[in-house]
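User: I should like to understand the reasoning behind some of the structural terms applied to this protein. Please set each value against its definition.

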Amino acid sequence: MKPEGIIVPVSVLGAVTEIRKRMLQNSLNDELSKTFRIVPQERFEAAQERAFQELEYEQCTEDQCIMMIQDMLQVEHLFHMEVISEGSTIQLSLKLVTLNEKRTKKDFCDGCSTQELSNRVRLLVVEM
């Protein structure tokens, strides 16, 4: 049986359309679902809300919240992708957090189409 995994919604820094963000999120979900049983978004959001309630908002550093959410959901693997855009350059950054480690894979692309970025997301998952 596949292990469970949490996929945090893609975060964006810079000018990235909502449509492109959604397409990249879908590529990420699709690729990760080949290896993991993905925790439903509603379960993740409920655990995130509980974490915000239990920790003062200022205390809720990313790492503390992630650990608390993983603990609440009893899921070891959490993935988070960040899309950073400046002009025509885009950086894709995929982070994996487990109980034992944190890993990040990055890729840069200049002037890439959404389809090219989607393929790069798939490659990041495979490399991870």
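Analyst: The following exchange concerns a predicted model and takes up a helix, a surface residue and a pair of rings.

User: How do you know that the span of helix α4 is close to the expected one?

Analyst: Helix α4 comprises residues 114–127, 14 residues in total. The expected span is 1.5 Å times one less than the number of residues. The model gives 20 Å from the first C-alpha to the last, close to the 20 Å expected.

User: What makes the buried residues of α4 line one face of the helix?

Analyst: The buried residues are L117, S118, V121, L124 and V125. Viewed down the axis of α4, they fall within an arc of 115 degrees, so they line one face. Their cover includes α1 (18–32), β3 (77–86), β4 (89–97) and β5 (102–110). The face turned away from the buried side carries the exposed residues Q115, L123, V126 and E127.

User: Why is E18 called exposed?

Analyst: E18, which lies in helix α1, has a relative accessible area of 53%. Exposed means over 50%; E18 is therefore exposed.

User: Why are F36 and F79 called an edge-to-face aromatic pair?

Analyst: Ring centres must lie within 6.5 Å to pair, and planes over 60 degrees apart count as edge-to-face. For F36 and F79 the centres are 5.1 Å apart and the planes 65 degrees apart, so both conditions are met. A search of the whole structure finds one aromatic pair.

User: What makes this pair a link between distant parts of the chain?

Analyst: F36 is in the loop between α1 and β2 (37–38), whereas F79 is in strand β3, and the two are 43 residues apart. Both F36 and F79 are buried.

Notes:
Residues numbered from 1 in each chain as written. Predicted model: local features only at pLDDT ≥ 70, side-chain atom pairs only at ≥ 80, totals over all residues. Heavy atoms only, no water. Helix = DSSP H or I, 4+ residues; strand = E, 2+ residues; numbered from the N terminus. Buried < 20%, exposed > 50% of the residue type's maximum accessible area, 1.4 Å probe, protein only. Arc of directions from axis to C-beta. Contact = heavy atoms within 4.5 Å. Phe/Tyr/Trp six-rings, centres within 6.5 Å; stacked < 30°, edge-to-face > 60°.
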